[in-house]
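Me: I would like to go through this model with a few questions about its charged pairs and its buried positions. Please reason each answer through before you commit to a value or a name.

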Amino acid sequence: MFSETIELRGHIIDSLILPKVLDQILTHGGNFKIAEINIGEKRVDQSFARIEVSAETREALDELILRLRQQGAEVMERANAQVARAPADGIFPRDFYVTTSQQTFIRFGGKEIEVRPAIINSAIAVDRKKSTARAVKFFDVNKGDEIIVGHQGVHVGPMQRATTHTDVFQFINTIVGADEPKSAIIRAIGEELRGARSAKSKTAIVAGPAIVRTGAGEHLVRLIEAGYVDRVFAGNSFAAYDVESALFGTALGIDPQIALPPRGHENHLRAINTIRQAGGIAAAVDQKILTQGILHACVAHEVDIVLTGAIRDEGPLPGVTTDIIEAQKVMRTKLADVTHVLLLAALQHSLAVASMLATNVKTVCVDIAPSSVERAIEHQPLQSIGLVTDIEPFLRELADCLTKPATRG
């Protein structure tokens with residue numbers, strides 16, 4: 001038998017880290033002996049466990065230790081991480097370490113270095129001169145870059161639950177179904193956003209076309225005007241619908257007040273053409289061509305608009321990033337300092353954004369389809385809330401909570 005000793009620290013009971021580690025050991029044919037364990041006496045106290053892990057072969061033990069590291073386990077041996085040079089642009093060396101979205105540290109040159117940013121499914125590049133480490137995608141790596149190989153000297157910080165009962169994000173993968181009451185949770189989300197604004201943290205909205213088509217846009221405008229939105233991520237279709245609604249009162253030719261507006265199907269292209277002729281969204285606002293709507297509010301209140309394209313897009317509108325690699329780079333940059341994200345009726349865009357978030361980013365997903373909510377929040381297992389509901393009543397109630405004075409009964 002081959003063995004190594006690991007240590008677990010933090011809220012390993014509340015966050016289910018200890019049972020997950022023991023389950024991984026047994027599931028993959030290993031054995032364990034708990035050499036030491038200290039459980040915190042109070043909810044806010046951290047716990048500690050030292051566990052001897054054994055397996056039949058060295059290869060099996062190495063594979064098992066790698067899995068346990070991804071749960072936050074630390075190997076007692078303080079060895080330096082190993083590196084190899086990238087053989088060519090866009091190619092990692094063999095056996096490169098594959099990252100998770102969790103906070104990651106490497107031991108290099110006798111120092112603990114945090115990998116920034118925390119990005120899932122990437123490699124880790126090391127800069128010896130600057131003593132820095134960064135997560136890199138294939139398109140980020142150049143020939144000769146030093147890349148971490150193997151798992152020695154790599155430590156992954158465990159995902160841990162909040163230690164306060166007042167944190168609405170403390171529940172694991174909280175999904176509120178369509179037939180469950182939501183007002184209390186929406187109020188709690190509002191308080192969270194109010195706290196984020198007070199702390200000058202960054203809140204991002206991922207917006208789907210349904211926001212415009214259901215008439216929920218006016219409520220999102222209220223949130224923007226009140227200072228609760230710092231960035232809006234969306235696709236070309238959302239932007240085109242919002243402009244069409246602002247200019248013609250329709251969204252993809254549909255007017256909520258008129259069943260079949262005359263020549264309404266043309267409005268989508270006419271709206272895009274108007275913005276292209278003006279030179280872009282901000283230019284259309286400056287020229288007073290675009291005088292209302294979500295994008296108008298973003299420009300007026302200096303909210304970042306991050307628009308990315310798709311193959312089916314019409315136009316597209318000026319300012320839409322159509323190169324997929326460039327879009328990834330822009331989105332990652334704009335998400336780097338975000339602390340709260342609302343994924344609103346935009347499945348594909350939500351999945352893209354969720355995959356780029358660090359595990360400490362608090363996420364709310366709202367969609368009428370339960371499967372869409374489940375898929376979107378699985379990336380943030382300890383910091384997410386999913387609400388299965390129509391987007392209009394959610395945004396209306398959230399905006400009322402944050403912009404209307406409280407009434408006393």
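Reply: Gladly; this is a predicted model, and a starting point is Arg-58, which has a relative accessible area of 31% and is therefore partly exposed.

Me: Which side chain does Arg-58 meet in a salt bridge, and in which helix do both residues lie?

Reply: The salt bridge of Arg-58 has an N to O distance of 3.4 Å, and the side chain on the other end is that of Asp-62. Asp-62 is at 27% relative accessibility and so counts as partly exposed. The two residues are four apart, about one turn of the helix, and the element that holds both, spanning residues 58–69, is helix 2.

Me: How many residues apart in sequence are the parts that Glu-7 and Arg-50 tie together?

Reply: The side chains of Glu-7 and Arg-50 meet in a salt bridge at 3.0 Å, N to O. Glu-7 belongs to strand 1 (residues 2–10) and Arg-50 to strand 3 (residues 47–55), so the pair ties together parts whose separation in sequence, in residues, is 43.

Me: Is Glu-7 buried or exposed?

Reply: The cut-off for buried is a relative accessible area under 20%. Arg-50, the salt-bridge partner of Glu-7, has 22% and is therefore partly exposed. Glu-7 has a relative accessibility of 6%, so the class that applies to Glu-7 is buried.

Me: Which residues are linked with Glu-7 and Arg-50 in a network of salt bridges?

Reply: Side chains of opposite charge can pair when their charged atoms come close. The structure holds 20 salt bridges. In the network that contains Glu-7 and Arg-50, the further members are Arg-9, Glu-36 and Glu-74.

Me: What distance separates the C-alpha atoms of Ser-54 and Ser-3?

Reply: Ser-54 is found in strand 3, and its relative accessibility of 12% is why it counts as buried. Along the chain Ser-54 and Ser-3 are 51 residues apart, while the separation of their C-alpha atoms is 4.0 Å.

Me: Which residues does Thr-203 touch, not counting residues up to four places away in sequence?

Reply: Thr-203 lies in strand 13, which covers residues 202–207, and at 4% relative accessibility it counts as buried. With residues up to four places away in sequence left out, Thr-203 touches Leu-193, Ala-196, Tyr-228, Val-229, Asp-230, Arg-231, His-340 and Leu-342.

Me: What is the N to O distance in the salt bridge of Asp-400 and Lys-404?

Reply: Asp-400 counts as partly exposed because its relative accessibility is 25%. Its side chain and that of Lys-404 meet in a salt bridge, for which the N to O distance is 3.6 Å.

Terms used: Residues numbered from 1 in each chain as written. Predicted model: local features only at pLDDT ≥ 70, side-chain atom pairs only at ≥ 80, totals over all residues. Heavy atoms only, no water. Buried < 20%, exposed > 50% of the residue type's maximum accessible area, 1.4 Å probe, protein only. Contact = heavy atoms within 4.5 Å. Salt bridge = Lys/Arg side-chain N within 4 Å of Asp/Glu carboxyl O.
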